[in-house]
Amino acid sequence: MIRAYTPETDSNALWELKRQFELELGGNTGGEEKSTKYRDKVDEVYRDRYLDWAERCVESDPGCISIAEEGDSVVGYAFVLPENLAMIWDAAVLNEIFIAKSHRGTGIADDLMQRVLGTAKEQDLPLDRLLLDVDSDNGRAQAFYNRYGFEKWGDLVAQSL
């Protein structure tokens with residue numbers, strides 16, 4: 001079942017999935033230095049900041065975070081940035097989508113993506129696009145987004161601070 005995130009009841013489950021998301025991102029898309037940085041960042045301070053931010057986003061746009069449940073367990077989530085943040089990119093932004101390893105390949109990601117597309121289409125945006133950032137080393141994610149017709153659109157550049 002896919003439903004809207006409720007901070008009062010879902011924050012611990014969301015955090016555990018977000019933590020896994022960050023650890024996999026750091027561990028699977030870079031070397032040991034990136035892995036260490038991502039592992040070090042998911043501390044209690046980061047947890048509290050992330051959950052506070054998620055709650056503020058949901059207050060602004062109640063459907064921006066979707067939860068995937070199977071039985072009594074939360075097994076995935078998707079986070080579309082609220083419409084009021086769209087001026088940053090002029091389009092809808094899929095900030096995060098994550099499925100627990102034990103539930104990958106079950107269709108839950110497709111269910112979440114359908115929810116994401118519906119959420120994005122409801123937003124009043126300057127550009128009718130859904131954007132996301134996917135690491136070029138993440139072949140599984142690349143294949144998933146390709147199935148939905150995502151195309152390369154511009155390039156991100158970064159500078160170390």
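Student: Which residues touch the most other members in the largest nonpolar core?
Tutor: This is a predicted model, and the answers below rest on it. The largest nonpolar core holds 22 residues. Those that touch the most other members are Tyr5, Leu14, Tyr50, Ile65, Tyr77 and Phe79.

Student: Which element gives the most residues to this core?
Tutor: Several elements give two or more residues: helix 1 (7–28), helix 3 (44–60), strand 2 (65–70), strand 3 (73–80) and strand 4 (92–99). With 6 residues, the top contributor is helix 3.

Student: Which residues is Leu14 in contact with, leaving aside its neighbours within four places in sequence?
Tutor: Set those sequence neighbours aside. Tyr5, Tyr50, Ile65 and Tyr77 are among the contacts, and like Leu14 they belong to the group that touches the most other core members. The full list for Leu14 is Tyr5, Tyr50, Leu51, Ala54, Ile65 and Tyr77.

Student: How many residues are in the other core?
Tutor: This second core lies apart from the largest one. Its members include Val80, Ile99, Ile108 and Phe150. The count is 20 residues.

Student: Are the rings of Phe21 and Phe98 stacked or edge-to-face?
Tutor: The ring centres are 6.0 Å apart. The planes meet at 85°, and planes over 60 degrees apart count as edge-to-face. So the pair of Phe21 and Phe98 is edge-to-face.

Student: How many residues apart are Phe21 and Phe98?
Tutor: Phe21 is in helix 1, and Phe98 is in strand 4. Phe21 is buried at 16% relative accessible area, and Phe98 is buried at 5%. The pair links distant parts of the chain, at a separation of 77 residues.

Student: Which residues form one aromatic cluster?
Tutor: The count of aromatic pairs comes to 9. Two cluster members, Tyr50 and Phe79, were also named for touching the most other members of the largest core. The cluster is Trp15, Tyr46, Tyr50, Trp53 and Phe79.

Student: Why is there no bond between the sulfur atoms of Cys57 and Cys64?
Tutor: A disulfide is a covalent bond between the sulfur atoms of two cysteines. The cut-off here is within 2.5 Å. Cys64 holds the closest cysteine sulfur to that of Cys57, yet it is too far for a bond, at 5.2 Å.

Student: Is Cys64 buried or exposed?
Tutor: Buried means under 20% relative accessible area. Cys57 counts as buried at 4%. At 1% relative accessibility, Cys64 is buried.

Student: Which residue forms a salt bridge with Arg3?
Tutor: Side chains of opposite charge can pair when their charged atoms come close. The closest N and O atoms of this pair are 2.7 Å apart. Arg3 counts as buried at 19% relative accessibility, and its partner counts as buried at 3%. That partner is Asp10.

Student: Which parts does the pair of Lys18 and Glu96 tie together?
Tutor: Lys18 and Glu96 form a salt bridge, with the closest N and O atoms 2.5 Å apart. The two residues are 78 residues apart in sequence. Lys18 lies in one part and Glu96 in the other, so the pair ties together helix 1 and strand 4.

Student: Is Lys41 buried or partly exposed?
Tutor: Lys41 in helix 2 (residues 32–41) pairs with Glu22 in helix 1. Their closest N and O atoms are 2.9 Å apart. Glu22 is buried, at 3%. Lys41, at 30% relative accessibility, counts as partly exposed.

Student: Which residues do salt bridges that share partners join into one network?
Tutor: The whole structure has 8 salt bridges. Two of them are Lys18 with Glu96 and Glu22 with Lys41. Shared partners join these into one network: Lys18, Glu22, Lys41 and Glu96.

Student: How many bridges join strand 2 to strand 3?
Tutor: Strand 2 is mostly covered, with 5 of its 6 residues buried. It pairs antiparallel with strand 1 (residues 2–4) over 3 bridges, where Ile2 has Ala68 as its bridge partner. Strand 2 and strand 3 also run antiparallel, and Glu70 stands opposite Ser73. The number joining strand 2 to strand 3 is 6 bridges.

Student: Which residue takes a positive phi in the hairpin of strand 2 and strand 3?
Tutor: The hairpin has 2 residues between the strands. The phi in question is near 65°. The residue is Gly71.

How values were computed
Residues are numbered from 1 along each chain as its sequence is written. This is a predicted model: local features need pLDDT of at least 70, side-chain atom pairs count only at pLDDT 80 or more; totals for chains, interfaces and linings use all residues. Side-chain values use heavy atoms; hydrogens and water are left out. A nonpolar core is a set of buried Ala, Val, Leu, Ile, Met, Phe, Trp, Tyr and Cys residues joined through side-chain atoms within 4.5 Å. Buried means under 20% relative accessible area, exposed over 50%, partly exposed in between (1.4 Å probe, protein chains only). Helices (H or I, at least four residues) and strands (E, at least two) are DSSP runs, numbered from the N terminus. Contact means heavy atoms within 4.5 Å. Rings of Phe, Tyr and Trp (its six-membered ring) pair if their centres lie within 6.5 Å; planes under 30 degrees apart count as stacked, over 60 as edge-to-face and the rest as tilted. A salt bridge is a side-chain nitrogen of Lys or Arg within 4 Å of a carboxyl oxygen of Asp or Glu. Two strands pair if DSSP finds at least two bridges between them.
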